[in-house]
Amino acid sequence: MAENKATIVVFSGDMDKIFAAFSIATGAAAAGMDTTLFFTFWGIKAIQKGNLTGKGLMGKMLGLMNRGGLGRLGPSRFNFGGLGRWMFKKMMTEKGVTPLEELRQTLIDLDVHFLACKMSMDVMEIKREDLIDEVEDVVGVAKFVKEASDSAIQLFI
Amino acid sequence: MDIKVDKVQNSIGQMCPMPIAFLAKTVRKMEVGQVLEVQADDDGAHADIPAWCEQTGNEFLGEENAGDFFRYFVKKTG
């Protein structure tokens with residue numbers, strides 16, 4: 001039975017796709033839907049505090065090259081080693097688009113649930129304390145399936 | 001439009017999805033029967049505000065062109 005719920009998998013760590021995910025989640029939560037964002041793989045960057053992560057050599061290298069935090073996300077196209085990110089941010093600021101940080105805070109204010117994928121965190125050597133405090137839980141796929149199975153909206157971004 | 005307004009929300013300069021996010025937050029704090037005036041200049045609001053009302057069970061009373069922006073009237077019924 002589809003309930004008044006929305007469940008979105010945030011797989012991508014690209015700035016533009018995070019924008020899409022956050023905007024849709026805002027709309028769903030604003031419409032009174034019980035909304036959950038399930039962050040996995042690159043998407044975890046969007047809920048990281050932004051400190052360096054990793055335990056072993058490869059984990060630390062990954063933590064350096066794929067450093068988390070909303071401010072470090074680049075667009076999926078035309079990033080040009082960071083120039084694209086700068087350009088997009090400038091264009092969005094000029095047009096009055098809400099920054100990702102503010103959008104994430106809006107989601108928190110609207111009681112959107114943030115869940116993080118345990119498996120991705122293990123692989124990438126990201127610890128719970130590397131994530132922002134608002135993350136409700138670190139979970140597995142069964143939790144996502146349960147939430148998604150009775151949601152009227154399910155998306156994979 | 002001759003509508004008695006209980007509260008005004010200034011969303012001028014805000015882009016999607018913020019007018020709707022603020023609309024939801026503001027209406028939450030209002031009493032049933034009260035009317036909110038949303039002032040917005042984002043073109044998306046023409047479709048978004050009535051759609052939000054329909055989905056949440058609140059009443060969309062109409063819109064009014066105020067020159068640089070539009071006024072949207074929402075009555076809390078849900």
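Me: Which residue is the bridge partner of B:L36 in strand 4 of chain B?
Reply: General idea first: strands (E, at least two residues) and helices (H or I, at least four) are DSSP runs, numbered from the N terminus. Two strands pair if DSSP finds at least two bridges between them. In this case, B:L36 has B:V74 as its bridge partner. Before we go on, this is a predicted model, where local features need pLDDT of at least 70 and side-chain atom pairs count only at pLDDT 80 or more, while totals for chains, interfaces and linings use all residues. As for labels, residues are numbered from 1 along each chain as its sequence is written, and chains are lettered from A and ligands numbered from 1 in the order in which they are written.

Me: How many bridges join strand 2 of chain B to strand 4 of chain B?
Reply: Six, and strand 2 (residues 35-40) runs antiparallel to strand 4 (residues 70-75). Strand 3 (residues 59-65) of chain B is also joined to strand 4 by six bridges, again antiparallel. Look at B:V74: on the strand 2 side its partner is B:L36, and B:F60 stands opposite it too.

Me: What do strand 3 and strand 4 of chain B form?
Reply: They make a hairpin, with four residues in between. Check B:G67 in that turn, which has a positive phi of about 95 degrees.

Me: What order do the elements of chain B run in?
Reply: From the N terminus it goes β-α-β-α-β-β, so you can tick off two helices and four strands. For overall spread, take the radius of gyration over C-alpha atoms and compare it with the globule rule, 2.2 Å times the number of residues to the power 0.38. Chain B comes out at 11 Å, close to the rule's 12 Å for 78 residues, so it is as compact as a globular protein of that length.

Me: Which residues of helix 1 of chain B are buried?
Reply: You count neighbours: a residue is buried if 20 or more other C-beta atoms (placed from the backbone) lie within 10 Å of its own, exposed if 12 or fewer, and partly exposed in between. In helix 1 (residues 18-28) of chain B, the buried ones are B:M18, B:P19, B:I20, B:A21, B:L23, B:A24 and B:V27. Their cover includes helix 1 and helix 4 of chain A. Across chain B, 31% of the 78 residues count as buried.

Me: How many residues does the contact take from chain A and from chain B?
Reply: Two residues are in contact if their C-beta atoms, placed from the backbone, lie within 7 Å. Here, 13 residues come from chain A and 14 from chain B. On chain A's side, helix 1 (15-30) and helix 4 (100-109) each supply at least two residues, and helix 1 gives the most, with four.

Me: What is the secondary structure of chain A?
Reply: There are six helices and five strands, in the pattern β-α-β-α-α-α-β-α-β-α-β. Strand 1 (residues 3-10) and strand 2 of chain A pair in the parallel sense over six bridges, with A:F38 as the bridge partner of A:V9. On its way through strand 3 (residues 113-117), chain A gives strand 2 another parallel pairing, over four bridges, and A:F39 stands opposite A:A116 there.

Me: How many of the residues of strand 2 of chain A are buried?
Reply: Five of its six residues (34-39) are, so strand 2 is largely enclosed by the rest of the structure. Over the whole of chain A, buried residues make up 36% of 157.

Me: Which residues touch the most other members of the largest nonpolar core?
Reply: Such a core is a set of buried Ala, Val, Leu, Ile, Met, Phe, Trp, Tyr and Cys residues joined through C-beta atoms within 7 Å. This one has 50 residues, and A:V10, A:A25, A:L37 and A:F39 touch the most other members. Helix 1 of chain A gives the most to this core, with nine residues. Leaving out residues up to four places away in sequence, A:L37 touches several others, including A:I8, A:V10 and A:A25.

Me: Last one: where is A:E136?
Reply: Find the loop between helix 5 (118-124) and strand 4 (137-139) of chain A. A:E136 is partly exposed, with 13 other C-beta atoms within 10 Å. Its C-alpha atom is 5.8 Å from that of A:L115, though they are 21 residues apart along the chain.
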